[in-house]
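This short report takes one structure from its packing to a few of its individual residues. Please keep the sequence and the coordinates open while reading.

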Amino acid sequence: MKTLREIMRAGFLFMVQRGATVREAVQVMTANNVGIVLVLEGERLVGVFSERDVVRRVVGRGLDPDHTPVGDVMTSQIVVGDPDEDYQSAMRKMDQANIRHLLVVKGAEMLSTISIRDLIRVDMQAKGEESRYLREAASDRLRAAFGAVGAKPLPVMGYGEAGPVPAEADTPLA
């Protein structure tokens, strides 16, 4: 099972200072096509600011993004993941916390941010591989079972005007 280290882009971190305005934070998000920025006070992480914060804490309250410091509307309770954590555990953690972005840290070092979309892509790929494996295994077992008893495969059926017909019949298929 893949770990966050295998999925994340090292150094994929976008930051603003606590005193930056909401507009400045949104410009950083827009320029980098991300939905979250880390909020620092000097070098120290003090929070995160996400698109959800813009909607709920700025627009929803009628605040002016040009005059509202991001530190006043950021999320200060930060949920983090470990780079050696498996992606499904991270997905559960994000679901339980109702968040879409996870900061990946090792000790005090910030390594990357990862989105639920990144994890869903990995999950879909893993499920596709599992599905292919199961189909192949089922096909192998069916071939082995029919071959073992000498059974003939069922004829391919088509559908004609009079109803189901064997594909080799002269009746044209509709």
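The buried residues of α3 pack against three elements: α2, β3 and α4. The model is a predicted one. Which residues of α3 are buried? They are D53, V54 and V58. Around the axis they cover an arc of only 100 degrees, so they sit on the same side of α3. An α-helix has 3.6 residues a turn, so residues three or four places apart point the same way. The other side of α3 carries V55 and R56, both exposed.

**The largest nonpolar core**

This core holds 17 residues. V16, A25, M29, V37, V39, F49 and V70 touch the most other members. Several elements each supply at least two of its residues: α2 (22-32), β2 (36-41), β3 (44-50), α3 (51-59) and α4 (70-73). The largest share comes from α2, with three residues. In soluble globular proteins, nonpolar side chains tend to be buried together.

A25 shows how the core is joined. Not counting residues up to four places away in sequence, A25 touches V16, V37, F49 and V70. Another core, of 13 residues, lies apart from the largest one. Its members include L4, I7, L119 and V122.

**Two asparagines with positive phi**

Neither N33 nor N98 is a glycine, yet each has a positive phi. Where do they lie, and how accessible are they? The table gives the values.

| Residue | Phi | Loop | Relative accessible area |
|---|---|---|---|
| N33 | about 55 degrees | between α2 and β2 | 71% |
| N98 | about 55 degrees | between α5 (87-97) and β5 (101-106) | 51% |

N33 counts as exposed. N98 is exposed too, as its 51% is over the 50% cut-off.

**T113 in β6**

T113 belongs to strand β6, residues 109-115. Is T113 buried or exposed? Its relative accessibility is 12%, so T113 counts as buried, the limit being under 20%. What does its side chain reach? It reaches the backbone oxygen of F12, at 3.0 Å. Leaving aside neighbours within four places in sequence, T113 is in contact with F12, L13, L38, L102 and L103. F12 therefore appears both as a contact of T113 and as the residue whose backbone oxygen the T113 side chain reaches.

Methods: Residues numbered from 1 in each chain as written. Predicted model: local features only at pLDDT ≥ 70, side-chain atom pairs only at ≥ 80, totals over all residues. Heavy atoms only, no water. Core = buried A, V, L, I, M, F, W, Y, C linked by side-chain atoms within 4.5 Å. Buried < 20%, exposed > 50% of the residue type's maximum accessible area, 1.4 Å probe, protein only. Helix = DSSP H or I, 4+ residues; strand = E, 2+ residues; numbered from the N terminus. Contact = heavy atoms within 4.5 Å. Arc of directions from axis to C-beta. Polar contact = N/O pair within 3.5 Å; in protein donor to acceptor, adjacent residues only side chain to side chain.
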